[in-house]
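Please walk me through this protein in the viewer. I would like to know what to select at each stop and what is found there.

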Amino acid sequence: MTNSFLMQELLSLLISVPGLLLCLSLHEAAHGYVAYWLGDPTAKNAGRLTLDPLHHLDPLGTICLLFFHVGWARPVPINTSYFKKPRRDTALVSLAGPASNFLLAAVLLFLRQFLIYSTVMPVYVLGMMVHYGALMSIGLGVFNLIPVPPLDGSKILFSFLPWQSALKFAKYEQYIQFILLLLLFVGVLDVPMSFCINHIYTWIAGLVTVI
């Protein structure tokens with residue numbers, strides 16, 4: 001019984017890997033492309049306008065995404081001095097990552113409906129890969145919208161705060177990051193994150209279902 005459970009868990013992890021690499025890479029590439037579109041070549045010069053996961057993976061964030069369905073990648077370098085409207089453009093760059101994850105989930109869930117009910121094993125496995133990819137992509141998008149440093153949501157929030165308030169908030173970034181990781185590992189975020197991920201998954205799946 002234990003061996004069977006372990007095999008199922010291992011299989012789930014293996015099936016999850018392609019979707020994990022795709023959603024992490026797309027998230028960071030989206031940041032870089034929007035920054036480049038807004039006039040900042042920093043990400044391009046650093047070779048980050050790519051879907052190659054080796055350019056984007058953060059070891060701890062990848063492990064968290066694989067096991068907890070929430071996580072992060074290595075941040076794309078951004079130089080706000082290139083932006084015409086730094087606060088607005090920083091918010092747009094930050095929003096690009098989560099938005100790309102929700103769009104990716106929509107594409108994957110659209111494909112899933114043609115694969116998941118197949119009795120042909122390779123097609124069924126592909127359907128499961130698509131399912132896990134959509135789940136992790138939504139998890140990555142939701143997690144990064146939490147408005148605390150260093151996540152994307154904090155940069156979006158800072159764009160609407162007075163400068164003094166934003167600077168005070170940013171001053172405690174390291175402490176807030178530690179608390180966030182602690183809450184994640186002890187499971188405090190499990191229920192609210194699962195609630196958001198499952199509802200968004202269901203909503204997107206219903207939106208893209210072919211009638």
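The tour starts with the whole chain and then moves to single residues.

**Stop 1: the whole chain**

Keep in mind that this is a predicted model. Show the protein as a cartoon and look for its elements: there are 9 helices and 0 strands. Read from the N terminus on, the elements run α-α-α-α-α-α-α-α-α. The radius of gyration is 18 Å, close to the 17 Å that the globule rule gives for 211 residues, so the protein is as compact as a globular protein of that length. If you draw a box around the C-alpha atoms along the principal axes, the box is roughly 55 × 35 × 35 Å.

**Stop 2: inside and outside**

Switch on the surface. The protein exposes about 12000 Å², and carbon and sulfur atoms supply 72% of that area. Of the 211 residues, 41% are buried. Now consider the contacts with a separation of 6 or more: residues 24 or more positions apart account for 71% of them.

**Stop 3: helix H8**

Select residues 173–186, which form helix H8. Two neighbouring stops are found on this helix.

Pick Leu181, which is in helix H8. Which residues does Leu181 touch, not counting those up to four places away in sequence? They are Leu60 and Trp72. Next, add Cys64 to the selection and compare C-alpha atoms: those of Leu181 and Cys64 are separated by 9.7 Å, although the two residues are 117 residues apart along the chain.

Move on to Leu182, also placed in helix H8. Is Leu182 buried or exposed, or something in between? Its relative accessible area is 45%, so Leu182 counts as partly exposed. To see its surroundings on the surface, select Phe178, Ile179, Leu182, Val186 and Val188 together. These residues make a nonpolar surface patch of about 500 Å².

**Stop 4: a charged pair**

Side chains of opposite charge can pair when their charged atoms come close. How many salt bridges does the count come to? The count comes to 1 salt bridge. To find the pair, select Arg88 and Asp89 and show their side chains; the closest N and O atoms are 2.7 Å apart.

Look at the two partners one at a time. Asp89 has a relative accessible area of 1%, which means that it is buried, since buried stands for under 20%. Arg88 has a relative accessible area of 43%, so this residue is partly exposed. The salt bridge therefore joins a buried Asp89 to a partly exposed Arg88.

Definitions and conventions. Residues numbered from 1 in each chain as written. Predicted model: local features only at pLDDT ≥ 70, side-chain atom pairs only at ≥ 80, totals over all residues. Heavy atoms only, no water. Patch = residues over 30% accessible without salt bridge, like charges linked within 9 Å, V, L, I, M, F, W, Y side chains within 5 Å. Areas by Shrake-Rupley, 256 points an atom, 1.4 Å probe, with all protein chains shown as cover. Salt bridge = Lys/Arg side-chain N within 4 Å of Asp/Glu carboxyl O. Helix = DSSP H or I, 4+ residues; strand = E, 2+ residues; numbered from the N terminus. Buried < 20%, exposed > 50% of the residue type's maximum accessible area, 1.4 Å probe, protein only. Rg over C-alpha atoms; globule rule 2.2 N^0.38 Å. Contact = heavy atoms within 4.5 Å.
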